[in-house]
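I opened this notebook to keep a record of what I looked up in one model, entry by entry. My aim was to go from the whole chain to a few elements and their contacts.

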Amino acid sequence: MPSSPRLKLFHARTSPSTRRSTSLIVLTSLAIGLFGFIFGLAAIVFPSRTCLTNSPPKTVRVVWDVAGNSNGGNGLSGGVKRHKVMGFVGIQTGFGSAGRRRALRSTWMPSDPEGLRRLEESTGLAIRFIIGKTKDEKKMAELRSEIAEYDDFILLDIEEEYSKLPYKTLAFFKAAYALYDSEFYVKADDDIYLRPDRLSLLLAKERSHSQTYLGCLKKGPVFTDPKLKWYEPLADLLGKEYFLHAYGPIYALSADVVTSLVALKNNSFRMFSNEDVTIGAWMLAMNVNHENHKTLCERECSPYSIAVWDIPKCSGLCNPEKRMLELHKIESCSKSPTLPSEDE
């Protein structure tokens, strides 16, 4: 009778060197586990300050990276988390405006990060200077020195040129949206006298429209600007309507509007030579709700004025470095109570 097949078991012979390696691996694993346990215990017993604090950053300093936005990201270096505010105010400034910035920091805009934080807490508004770049190394060095002292800028990766203001404005809204989770995004020039407390009240009003474009609006015939000839066929259909847009020194866009702007592909909307006309044309194309507030273009301070500038003599304050300091000494400008304005 044939014998049953035997099950053969093969045992690998372990060499002394292999046993030493195995022992080393076991000891290393135990050491790593023990370290992890100690680290976890320390994290529970001694939590870091980062976990305990929820205070907003004193300031934000980033670069809008155009090249980095090609892959659909937000284009911001450092992976900055969006900071929640009621309104973000970007003060457009340039390399020749150091004197204006000094005047602003001597009037309504705090000159230190702690002061900016207190202003944000009291009004819900975060405020930063917005500036591009230049190939002039001396000017860039001066800017870096100013940033080191005040740290109240957002830097855009775009050439700081007057002819590129529409591009700078679009880059500003994109960068501001990526940095701040805000209900409104405000574009303001560095040559107007502003009351942030009153601006805050205006932005905080209840609205039935989620897509809002507010400013001191002006009407001008479409056909006076040859660059607006594209609008002529539509104007014929609408009965020669006038082209309504906000004056450039200050206006605001709601979050839903800026969300749409951020989603735009490059060159999907036409750029005009004037930044305020460009934004106004886009708002017309997007069919947003327009709000007209004359308190944003007052010539004199009043209990209702939000922004004061020399309209129509100058596109801001004439001689802003001097006038801003003079206005700040006037009771009705800097110290008058904030009163709710009537519907306009």
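The entries below begin with the chain as a whole and then turn to single elements.

**Whole chain.** I noted before anything else that this is a predicted model. I then looked up the secondary structure and found 12 helices and 10 strands in the chain. Of the 344 residues in the chain, buried ones make up 43%. I also checked how far along the sequence the contacts reach: among those between residues at least 6 apart, 77% join residues at least 24 apart.

**Strand β5.** I turned next to strand β5, residues 180-189, where I counted eight of the 10 residues as buried, so the strand is largely enclosed by the rest of the structure. Which strands does β5 pair with, and in what sense? I found that β2 and β5 pair in the parallel sense over nine bridges, whereas β5 and strand β8, residues 243-254, pair in the antiparallel sense over five bridges. For the pairing with β2, I noted Tyr-180 in β5 as the bridge partner of His-83. For the pairing with β8, I noted that Tyr-185 stands opposite Leu-253.

**Helix α3.** In helix α3, residues 98-105, I listed Gly-99, Arg-101, Ala-103, Leu-104 and Arg-105 as buried. I then asked what covers the buried residues of α3. The cover includes the strands β2 (83-92), β3 (125-133) and β4 (153-159), together with the helices α5 (137-150) and α11 (320-328).

**Helices α6 and α9.** How are helix α6, residues 165-179, and helix α9, residues 255-263, packed? I read off an angle of about 110°, with the axes 9 Å apart. Because angles of 65 to 115 degrees count as roughly perpendicular, I entered α6 as roughly perpendicular to α9. I recorded the crossing of α6 and α9 as left-handed. On the α6 side, the contact is made by Leu-170, Phe-173, Lys-174 and Tyr-177, which meet Ala-255, Val-258, Thr-259, Leu-261 and Val-262 in α9. Sorting the residues of this contact by type, I obtained seven nonpolar, one polar and one charged.

**Ala-175.** My last entry concerns Ala-175, whose place is in helix α6. I asked whether Ala-175 is buried or exposed. With a relative accessible area of 1%, Ala-175 is buried. I also looked up its separation from Val-262: the two are 87 residues apart in sequence and 8.9 Å apart in space, C-alpha to C-alpha.

Methods. Residues are numbered from 1 along each chain as its sequence is written. This is a predicted model: local features need pLDDT of at least 70, side-chain atom pairs count only at pLDDT 80 or more; totals for chains, interfaces and linings use all residues. Side-chain values use heavy atoms; hydrogens and water are left out. Axes are lines fitted to C-alpha atoms, for helices over the stretch in contact, and angles run from 0 to 180 degrees between N-to-C directions. Helices (H or I, at least four residues) and strands (E, at least two) are DSSP runs, numbered from the N terminus. Angles under 35 degrees count as roughly parallel, over 145 as roughly antiparallel, 65 to 115 as roughly perpendicular and the rest as oblique. A crossing is left-handed if the near helix is turned anticlockwise from the far one by less than a right angle, and right-handed if clockwise. Contact means heavy atoms within 4.5 Å. Ala, Val, Leu, Ile, Met, Phe, Trp, Tyr, Cys and Pro count as nonpolar, Asp, Glu, Lys and Arg as charged, and the others, Gly among them, as polar. Buried means under 20% relative accessible area, exposed over 50%, partly exposed in between (1.4 Å probe, protein chains only). Two strands pair if DSSP finds at least two bridges between them.
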